[in-house]
Each structure stands twice: as C-alpha cells, then as structure tokens.
Amino acid sequence: MKAFVFPGQGAQFSGMGKDLYENSPLAKSLFEKANEILGFRITDIMFEGTADELKQTKVTQPAVFLHSVISALCLGDEFKPEMVAGHSLGELSALTAAGALSFEDGLKLVYARAMAMQKACEAAPSTMAAIVGLDDETIEKICAEVNREGNVVVCANYNNPGQLVISGNVEAVNEACEKLKAAGAKRALVLPVGGAFHSPLMQPAKDELQAAIEKTEFKTPICPVYQNVDAKAHTDAAEIKENLIAQLTASVRWTQEVQNMIAAGATEFIECGPGKALQGMIAKIAKGNDAVSAHGLA
C-alpha cells in the first residue's frame, strides 16, 4: 500500500519548485494563484531568494506547503494514496493533497498559522533542542522533572527511535539538555529556531488559528489521514479539524504515525516536497522491515 508523506518547516531551499513552475502548466497556474492569494510573489523568493529570505516566517511555511502540494497534484492520476500523513506543517499539506481542504483554503490556513506562530515566538524567549541517543521514556521523565510553572519544557517531536525534539523556555530547555547529557544522551543540540513549537507556549497561536480553522470548510479526504496528535487515521472532517487545532500545542507523534501506517499495510512511503528528512526518519522507524521502502518523487 502507498502512503504519501509531507515534510514540515526546515525542508526549504533556494530554487525549490522552480522546475515545476517551468515544466508544468498546472504548477505554474497554482504558483501564480498562490502569489495572488498571499499578496506578494512568494515564487520570486522560492526560486531565487537567499537562505535568510526563505527563513522569513511568512515565506517558510507557505513555501514548503506549496512545493509539497503542487508536487503531489502534478502527479495527476499517479497520485493515488491509500493513506497520507504530514510532519507538523506537513499535515496541512497532506490534508490539502488528499482533498480535505481546497488549495486556496489550505494556503490561507498555512499563512495564518505562520503569522500566529511568529507572534507567539516573539512573546517570550523560547527554543527547541534535538536529543539523540536516549530512549523516549528517559527524556519524558527528565522533562517532567524540569517542567514547572514559568519553566516550560516538553517533548515536541517524536521523530524516530533515538531522536526526539524538546521544546520550551530557553532556560528550561538548556537545563533539560544538561540533565539529558548527564543521563547518557549522545547529543543535546539546541536548534536554530525562533520559538517553542508544539509546546504550551504556542497557546496564543492555537487560539488564533482555531478561529481560522473553525471558519474553514473541511471535506472528507480521499483516503485516511494520519494525524500528529494521536498518530491515528482519520476521515471525519470534524475530528480532523479538532486534531488540527490541538496540533500546535501537542507533540508530533511521527514515530507512532509511521508505525501505525505500517501496521495498517503501508509498504511504500513517498515523500512529496523539499528535502529527504522524512525518508531518513521512516528508514529508521522501519529498520529491519525489508517490506517497507521510503523514497521521494524525484
């Protein structure tokens, strides 16, 4: 069974989508439609912009979304997913590609999400850190020990066995990193991000995005969508909305999502969008299972 997966923020690169724009009339029309919806030519930044320009909040998330969704839609009849999933931002790409959201509504929600998250990031100094080489239970226990009122640190992204990202106040994340290294973590690396994504510190962004999601029409997707908050398959529009609202302050349970997709029969994972990050994660999650493959569209 084929599972199409969609990457999150951080996968962007200069030149992304340019080949699609130049070689596909459908892609060109969708990119131009995106420029009109956003009110600025995001394509100019995607195709020719610097890494710093691509890091702008109003650019990064819609750029990854556009590259991912347009890549899938340009497959035409070859885009026949039996299940889909997306990592963080990628969940909106997955929902749009699977028909739960229109292209226009998906892009508008991504842009609203990006701007709401930026506001939340500016409200308090916060960050994230990648923890490598330590089991999830130990990381969860140490985060719980450090986590207290005014000192927030939680498990944000369960990426694959042996790699988990924590998120919270700068002080709390630094304290947790020291304790995690003492507990045997091979690496505890603070990431170059501007905020504590997928933590309680995103509550203001969640409130803002909730209003936008509740006003948006969601339809039944063409296949089950595995969602980050519970790692389970969903087709009910009301459930999908509820889970999407919860996503900003909840953990991304990517390891469990992939495990559940494999248990449901997924044997081929196809990454739609920039980069190969999800392919690497899936290979580690499915390690030892020769029936499972992961690759990109190219």
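In this predicted model, helix α7 makes the greatest contribution to the lining of the largest pocket, giving five residues. Helix α7 spans residues 103–123. It is one of several elements that each supply at least two lining residues. The others are helices α5 (57–73) and α13 (277–285), together with strands β3 (126–132), β4 (153–160) and β5 (163–169).

The largest pocket has a volume of about 910 Å³. Its lining comprises 35 residues. Nearest the pocket centre lie G8, Q9, G10, V193 and F197. By class, the lining holds 16 nonpolar and 17 polar residues. Charged residues number two.

A closed space was also found. The count gives one cavity of 30 Å³ or more. The largest cavity encloses about 40 Å³. Its lining is formed by S88, L89, E91, L92, R113, L209, L244 and Q247. Four of these residues are nonpolar, two are polar and two are charged.

One lining residue of the cavity, L244, belongs to helix α11, where it is buried. Helix α11 runs from residue 237 to residue 246. A237, I240, N243 and I245 are buried in this helix as well. The buried residues of α11 pack against two helices, α6 (90–97) and α10 (203–214). They also pack against strand β8 (233–234). Two other residues of the cavity lining, L92 and L209, fall within the ranges of α6 and α10. At the start of α11, D236 makes a link to the backbone: one of its side-chain oxygens comes within 3.2 Å of the backbone nitrogen of A238.

The whole chain was examined next. Its secondary structure consists of 13 helices and ten strands. Along the principal axes, the C-alpha atoms fill a box of roughly 55 × 45 × 35 Å. How does the radius of gyration of the protein chain relate to that of a compact globule? For 298 residues, a compact globule would have a value near 19 Å, and the chain has 18 Å, so the two agree.

Burial and contacts complete the picture. Of the 298 residues in the chain, 53% are buried, a class set at under 20% relative accessible area. Contacts were also sorted by separation along the sequence. Among contacts with a separation of 6 or more, 75% are between residues 24 or more positions apart.

Terms used:
Residues numbered from 1 in each chain as written. Predicted model: local features only at pLDDT ≥ 70, side-chain atom pairs only at ≥ 80, totals over all residues. Heavy atoms only, no water. Buried < 20%, exposed > 50% of the residue type's maximum accessible area, 1.4 Å probe, protein only. Helix = DSSP H or I, 4+ residues; strand = E, 2+ residues; numbered from the N terminus. Contact = heavy atoms within 4.5 Å. Polar contact = N/O pair within 3.5 Å; in protein donor to acceptor, adjacent residues only side chain to side chain. 1 Å grid on protein atoms, 1.4 Å probe; cavity = no way out; pocket = protein on both sides within 12 Å on 5 of 7 lines; lining within 4 Å. Points joined across faces, edges and corners; volume = space filled by probe spheres on them. Nonpolar A, V, L, I, M, F, W, Y, C, P; charged D, E, K, R; others polar. Rg over C-alpha atoms; globule rule 2.2 N^0.38 Å.
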